[in-house]
Structures are given as C-alpha cells and as structure tokens.
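Thank you all for coming; I would like to take a few minutes to walk through a structure that may be new to you. Please have a look at it on the screen before I begin.

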Amino acid sequence: MKTQSIFSNIVLYGRSTWQIMRSRLSPKKGIEDILNYRYISTKLATSGQPTAAELELISQAGYKTILNLAPPTASNALPEEQAIATNLGMDYINIPVVWDNPTMADFNQFCDVMENYKDQPIFVHCAMNMRVSAFMYLYRYLKLGVPMSEARATMTTVWEPNATWQNFIETAIASN
C-alpha cells in the first residue's frame, strides 16, 4: 500500500471517529441530527449509522424502507437494526458493501432496490454515509439523469472519495 493511501486512510478513520463521537454526544432534536444526514428529496434521505432512537425518528418522518449498505460487522453497526426497523413498520434491506472492495454487482443491486422502492420514502445509510453518498451520486447521475455536478455535490459534502472509491466511481461511469 502506498504511503499516500495509508495516510489518506488514517485521516478518513480519524475524521470518521470524530464525527461518530460528536454525533452521539450531541442532543438529538430530529432526523436532521443523525450522523451525516443528507436530505435528497421528499422520498429519499441518507445518513451514517442511525441509533435505535434515530430509527424511530426515521419511521416517524414517514420513511417506509431502510436500506443499509454497511456489513453487519461494521464497527458502529446496530446489531438489532432489522428487528427494530421491522417493529417500527419499515421494510429492511441490507446490501453489505465491503469498504475496500465496492463492486458493480453491489451497485447494480442497489439500483434494483432503488427502482423497486421508488414510489415510497426510503432511507439509505451505511456506517458514515460514505458508501451511500458514492452510490447515490452514481445512481442519481447514471440512472436518474441528474447533472453530474449536482449529483456529485451531495457526496462531496460528506467526503472526497479515496483512491479505491474514486476508481470504483470512474469504472461505474465508464461502464454505463
């Protein structure tokens, strides 16, 4: 692994740890206080890993489906998330995208879910909203026809993709 890549990963990890701590220690007023929350449209929002209490806020806000792109082994995963979401009356879908190895199969599955649930409010999250913001950028640009700069803008409010994710993004754009 190159020194620049190692440094980039250390910076990302440190920033992520700080964001999680800040989010968990701040008093919650509403859905917009969820870790790295981003409103996309009346039927779509994204964030980092919500807590059990935040899942209740998501349900109260009218979301009908939770789509989680983090593996259940993510460091801040909520072990009972599926049961909590189901008990709140929401559908729960998990596409466990491996952080260091996002694949076109993962993205295609994500696009299929987004298409199948496009008529109802869906809340998409992962550990930090990094996987999600990259997938959402690609989905909005490649599948919905949102201008590239507009679709990318939401992602860059969360993070600038590292080399692995930038390569994945470039491959996805080139293959469509």
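I will speak about one helix and then about two pairs of strands, keeping in mind throughout that this is a predicted model.

Let me start with helix H7, which runs over residues 163-174 and reaches 16 Å from its first C-alpha to its last, close to the 16 Å expected for its 12 residues. Which residues of H7 are buried? They are Trp165, Phe168, Ile169 and Ala172, and because these four cover an arc of only 100° around the axis, they lie on the same side of H7. Ala163 and Ala174, on the other side of the helix, are exposed. As for what covers the buried residues of H7, the list includes helix H4 (104-116), helix H5 (130-143) and helix H6 (148-158). At the start of H7, you may also notice Asn162, where a side-chain oxygen comes to within 3.2 Å of the backbone nitrogen of Thr164.

Turning now to the strands, E1 (residues 38-41) and E2 (residues 44-47) are paired in the antiparallel sense over three bridges, and the hairpin that joins E1 to E2 does so through two residues. Within this pair, Ser41 is found opposite Leu44 in E2.

How do E3 and E4 run, parallel or antiparallel? Strand E3 (residues 65-68) and strand E4 (residues 91-94) run parallel and are joined by four bridges, with Tyr92 in E4 as the bridge partner of Ile66. Between E3 and E4 the chain passes through helix H3 (residues 81-87), in a β-α-β crossover that is right-handed.

Key
Residues are numbered from 1 along each chain as its sequence is written. This is a predicted model: local features need pLDDT of at least 70, side-chain atom pairs count only at pLDDT 80 or more; totals for chains, interfaces and linings use all residues. Side-chain values use heavy atoms; hydrogens and water are left out. The expected span of a helix is 1.5 Å times one less than its number of residues. Buried means under 20% relative accessible area, exposed over 50%, partly exposed in between (1.4 Å probe, protein chains only). The arc is that of the directions from the helix axis to the C-beta atoms. Contact means heavy atoms within 4.5 Å. A polar contact is a pair of N or O atoms within 3.5 Å; within protein, one must be able to donate a hydrogen and the other to accept it, and residues adjacent in sequence count only if both atoms are side-chain atoms. Two strands pair if DSSP finds at least two bridges between them. A crossover is right-handed if, with the strands pointing away from the viewer, the path from the first strand over the helix to the second runs clockwise.
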